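Here's a friendly walk through a structure you may not have met before. Take a look at it first, and then we'll go through it piece by piece.

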Amino acid sequence: MKLEDTEFERRFDVFSTDQVEARYLLSPSMMERIIALDKKFGKEIVLSFSDSNVMIAINNSTNHFECGLWKKIDNTETLRREYNLIVSMIGIVEELNLNT
């Protein structure tokens, strides 16, 4: 479906079975916040709105569940990077204003 925000249109493809609901969910301010989120992560993000849920996928090829055979598990830089990623993920709720 087509939306009014040209930058959003350039970054995302929007598919919906209900255009009225899609336009309600993707208000101009929500589109701006999604664009800002896309810029923040610097990668292609994918969002899905289903029922009362928002699912967000962020492209990332790093294995976050295994430390690796030859890496120290207490590497400060690795721990800092993982911590910052977790904080960024938690911040998505506030950035998209999903808690109101």
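## A buried aspartate to start with

Asp38 counts as buried, at 9% relative accessibility. Keep in mind that what you're looking at is a predicted model. You'll find Asp38 in helix H3, the helix that covers residues 28-41. So who sits around Asp38? If you skip the neighbours within four places in sequence, Asp38 is in contact with Arg11, Phe12, Lys43, Glu44 and Ile45.

Another residue of helix H3 is Ser29. Ser29 is partly exposed, with a relative accessible area of 37%, whereas Asp38 is buried.

## The nonpolar core

Now for the greasy part. The largest nonpolar core has 15 residues, and the ones touching the most other members are Phe8, Leu26 and Ile34. Which helix gives the most to this core? That's helix H3, with six residues. As general background, nonpolar side chains tend to be buried together in soluble globular proteins.

Let's zoom in on Leu26. Its place is in the loop between H2 and H3. Leu26 has a relative accessible area of 10%, and buried means under 20%, so Leu26 counts as buried. Setting aside residues up to four places away in sequence, Leu26 touches Leu3, Phe8, Val14, Met31, Ile34 and Phe49. Two of the names on that contact list, Phe8 and Ile34, are also among the core members that touch the most others.

The pair of Leu26 and Phe49 is a nice one to find on screen. In sequence they are 23 residues apart, and from C-alpha to C-alpha they are 10.0 Å apart in space.

## A hairpin with an unusual turn

Phe49 also takes us to the strands, because strand S1 covers residues 45-50. Strand S1 and strand S2 (residues 53-58) run antiparallel, and six bridges join them. For one example, Val46 has Ala57 in S2 as its bridge partner.

S1 and S2 form a hairpin, with two residues between them. One residue to look at here is Asp51, placed in the loop between S1 and S2. Its phi is near 55°, which is a positive value in a residue other than glycine. That's worth a second look, because most residues other than glycine have a negative phi. Is Asp51 buried or exposed? It is exposed, with a relative accessible area of 76%.

## The largest pocket

The largest pocket has a volume of about 530 Å³. Its lining is made up of 22 residues, and Val14, Phe15, Leu47, Ser48 and Phe49 lie nearest the centre. Val14 and Phe49 have come up already, as contacts of Leu26.

Where does the lining come from? Helix H1 (6-11), helix H2 (19-25) and S1 each supply at least two residues. S1 gives the largest share, six residues. What kinds of residues line the pocket? They divide into 12 nonpolar, four polar and six charged.

## Towards the end of the chain

Helix H4 spans residues 76-95, and Ser88 has its place there. Ser88 is buried, with a relative accessible area of 18%. Not counting neighbours within four places in sequence, Ser88 is in contact with Lys40 and Phe41.

In the segment after H4 you reach Asn97. Asn97 has a positive phi of about 55°, although it is not a glycine. Its relative accessible area is 35%, and Asn97 is partly exposed. Asn97 and Ser29 are 68 residues apart along the chain, with 9.8 Å separating their C-alpha atoms.

## Accessibility at a glance

Here are the residues we stopped at, side by side.

| Residue | Relative accessible area | Class |
|---|---|---|
| Leu26 | Leu26: 10% | Leu26: buried |
| Ser29 | Ser29: 37% | Ser29: partly exposed |
| Asp38 | Asp38: 9% | Asp38: buried |
| Asp51 | Asp51: 76% | Asp51: exposed |
| Ser88 | Ser88: 18% | Ser88: buried |
| Asn97 | Asn97: 35% | Asn97: partly exposed |

Notes: Residues are numbered from 1 along each chain as its sequence is written. This is a predicted model: local features need pLDDT of at least 70, side-chain atom pairs count only at pLDDT 80 or more; totals for chains, interfaces and linings use all residues. Side-chain values use heavy atoms; hydrogens and water are left out. A nonpolar core is a set of buried Ala, Val, Leu, Ile, Met, Phe, Trp, Tyr and Cys residues joined through side-chain atoms within 4.5 Å. Buried means under 20% relative accessible area, exposed over 50%, partly exposed in between (1.4 Å probe, protein chains only). Helices (H or I, at least four residues) and strands (E, at least two) are DSSP runs, numbered from the N terminus. Contact means heavy atoms within 4.5 Å. Two strands pair if DSSP finds at least two bridges between them. On a 1 Å grid over the protein atoms alone, a cavity is a set of points where a 1.4 Å probe fits but cannot get out, and a pocket is an open set with protein on both sides within 12 Å along at least five of seven lines; lining residues have an atom within 4 Å of a point. Grid points are joined across faces, edges and corners, and a volume is the space filled by probe spheres set on the points. Ala, Val, Leu, Ile, Met, Phe, Trp, Tyr, Cys and Pro count as nonpolar, Asp, Glu, Lys and Arg as charged, and the others, Gly among them, as polar.
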